[in-house]
Every structure is written in structure tokens, then in C-alpha cells.
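Reader: Before I rely on any of the labels attached to this structure, I would like to hear the reasoning behind them. Could we go through them one at a time?

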Amino acid sequence: MSRALLDPSFLSELEALRRRLDIDARSGQAGERAARRRGGSAEFQEHRPYADGDDPRRIDWLAYARTGTPFVKVFRTEEDVVVRTMVDVSASMGHGAKLEVAKKLAAAMAYMALASSERAQLVAAGSGIATMPLPSRGRGGLVPFLRALDQLAPDGTTDLAQAIDQLRKRNLRPGLLAVFSDFFDPGPVLDALSRARAQGHDLRLVQVLAPDELEPHLEGDYALEDVETGELVDITLDASALEAYARRLAGLVEELRAAAKRLGASYVLARTDEPLEA
């Protein structure tokens, strides 16, 4: 297990926090949490009147004999939770230790899920392709999860929208999907997130940014190179240019916040120079 990802002091913090972990989405498989979705087995919950389209096998014939009205039995099922942590591994995530912070936060979320006997799955979003090892389960799954997470390295471009859509199509059963990225992807990421939410996935958006991205302290003439495409841009960084950049970045952050609110998700901005516990 990588000590760099989960050191003992951080683990103790997570052990306290994990008891507050509340995941709404359920995958539909047998597990240890009482699900909100109604199923056809496990703990009896209530009766309700029969309606067209109900399975006749669920009619309570004893209740029908007593009342003359057909009722069906509704059960509360025990369903498994799958926590999927999608980590952006594009080259831009290599700046300012963003990928390392994203990996530590993904490890933290996976730990809280696995320590609660749920399942966790790592999704690496790079070059538009989501690579997904099989989900780990329980505390015993932490070591292989961290081992796979430790191997992630920033490289090339990414297409978050395509990665989210690939994950959604491969995993028809919903779960919790947490995306760790700088969200500098120009593609239709919010549209893909909307499709994932419509499928039933519970969303968490974690935007990881470096201090010099939030508050750049540059002045003069520069030739800036895009770390993902290699494209060069000649630019004069003066007060007006920095102000324009700040407006665009603030617009991106606000767009993500608004999308999270609309989708019933949560949004967190994680600075690489701040303690992870917060």
C-alpha cells in the first residue's frame, strides 16, 4: 500500500469521516446497505393497492381474501454500492502536483467506501478512454486499488465527456461517480454528466487546481506552450490579460457549481496547497 497516498494520520481522519458517508445511488446488487429502491425480496416494507402492470405474483392473496381488494407487497432490498472514482490523467494534471492531490482524494473516497464493505472502482480518463479494473470490495480491496492508483501518470490529452459516456454505457447499474479533474477539457463534459445523472449515477465533482492557476503572478511577454497539444501561444501578460483570465476561470468554476446544483450533485474546489483533511 502506498504510504504517500494514505499516511497513518490521514487514515485516522478518514476513519472518523467515513461513518458520515452517505451514498444515495445503489447499483442493484445484493449488499450490506438498505436501499431506497424497491425490489422483490428481502425486508417487507408495506402494502399498496394493485395497479396495472404490477406482477400478479406479488399480490397478497390473504389480504385480498380479507378485504376484497388486491394489494401487492413492497419490499426493501439490500443493494450494493459501487463508488467509481474517475481520475483525469491528462498532461495538464501534471502541473503543480494536481494529479497527486487527485490521487490522494480518490484514495480517500475509496477507503471510506471499502472500509464500509462497499465496492470501489478506479477509472483513469486519458486520451478519451476510460480504463477500468474490476471493482474492489471491502478492506481487502484497498491494496490493489491503491496499487493501480499509484501507477497513474499524466500524459497527453483527455476527453472527459467521452470517458464519462464510456463508463455510463459499460455500467448500466448506477452508483456514485466522483470525477477528479481540473476540468480544463473543452469538450461537452456537462452534457455527459447530465446523461450519467439521468441514468441514476450520484455525482461528485472535484476540481483540483494549483495556486498559480488560481492566482497567476506573471508579467511581460511569454510564449506559452499547451502541455497537452504542444501548441505555442505568444501572449503579453499585463493587468488586463490577467483580469480576463481571472474572469474566465471564475466563469468555469461558477459553471461547474451551477451544473452540480442542477444535477443534485456536489462540487468541491481542491487547492493543491491546502490540507486534504478539509
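Author: Let us begin with Phe-183, which is placed in the loop between strand 8 and helix 6. Please keep in mind throughout that this is a predicted model.

Reader: What makes Phe-183 count as buried?

Author: The relative accessibility of Phe-183 is 5%, and the label buried applies under 20%, so Phe-183 with its 5% counts as buried. Its phi angle also deserves a mention, being near 60 degrees, which is a positive value in a residue other than glycine.

Reader: Where is Ala-97 found, and why is Ala-97 called partly exposed?

Author: Ala-97 belongs to the loop between strand 4 (82–88) and helix 3, and here phi is near 65 degrees, a positive value in a residue other than glycine. The relative accessible area of Ala-97 is 41%; since buried means under 20% and exposed means over 50%, a value of 41% falls in between, and Ala-97 is therefore partly exposed.

Reader: How do you know that strand 9 is largely enclosed by the rest of the structure?

Author: Strand 9 covers residues 202–209, and eight of its eight residues are buried, so the strand is largely enclosed. In a regular strand the side chains alternate between the two faces of the sheet. Here both faces are covered, with Asp-202, Arg-204, Val-206 and Val-208 buried on one side, and Leu-203, Leu-205, Gln-207 and Leu-209 buried on the other.

Reader: What makes strand 8 and strand 9 a pair?

Author: Pairing needs at least two bridges, and six bridges join strand 8 (residues 176–181) to strand 9, the two running parallel, so they qualify as paired. Within this arrangement Phe-180 has Val-206 of strand 9 as its bridge partner. The chain passes from strand 8 through helix 6 (residues 189–198) to strand 9, and this β-α-β crossover is right-handed.

Reader: Which residue of strand 12 stands opposite Leu-205, and how many bridges join strand 9 to strand 12?

Author: Leu-205 stands opposite Tyr-267, and six bridges join strand 9 to strand 12 (residues 266–271), which run parallel. Set against the requirement of at least two bridges, six are enough, so strand 9 and strand 12 also count as paired.

Reader: Why does Ala-210 count as buried?

Author: Ala-210 is in the loop between strand 9 and helix 7 (211–214), and its relative accessibility is 1%, which is under 20%, so Ala-210 counts as buried. Its C-alpha atom is 5.8 Å from that of Arg-271, although the two residues are 61 apart along the chain.

Reader: Why is the aromatic pair of Trp-61 and Tyr-64 called edge-to-face?

Author: The structure holds one aromatic pair. The rings of Trp-61 and Tyr-64 are 5.9 Å apart centre to centre, with 85 degrees between the planes; the centres thus lie within 6.5 Å and the angle is over 60 degrees, so the pair is edge-to-face. Being three residues apart in helix 2 (residues 61–67), Trp-61 and Tyr-64 are separated by about one helical turn. Trp-61, at 53%, is over 50% and therefore exposed, whereas Tyr-64 is partly exposed at 36%.

Reader: What makes helix 1 oblique to helix 3?

Author: The axes of helix 1 (residues 8–17) and helix 3 (residues 98–114) come within 9 Å and cross at roughly 45 degrees. That angle is not under 35 degrees, nor does it fall in the range 65 to 115 or over 145, so helix 1 is oblique to helix 3. The crossing of helix 1 past helix 3 is right-handed.

Terms used
Residues are numbered from 1 along each chain as its sequence is written. This is a predicted model: local features need pLDDT of at least 70, side-chain atom pairs count only at pLDDT 80 or more; totals for chains, interfaces and linings use all residues. Side-chain values use heavy atoms; hydrogens and water are left out. Buried means under 20% relative accessible area, exposed over 50%, partly exposed in between (1.4 Å probe, protein chains only). Helices (H or I, at least four residues) and strands (E, at least two) are DSSP runs, numbered from the N terminus. A crossover is right-handed if, with the strands pointing away from the viewer, the path from the first strand over the helix to the second runs clockwise. Rings of Phe, Tyr and Trp (its six-membered ring) pair if their centres lie within 6.5 Å; planes under 30 degrees apart count as stacked, over 60 as edge-to-face and the rest as tilted. Axes are lines fitted to C-alpha atoms, for helices over the stretch in contact, and angles run from 0 to 180 degrees between N-to-C directions. A crossing is left-handed if the near helix is turned anticlockwise from the far one by less than a right angle, and right-handed if clockwise.
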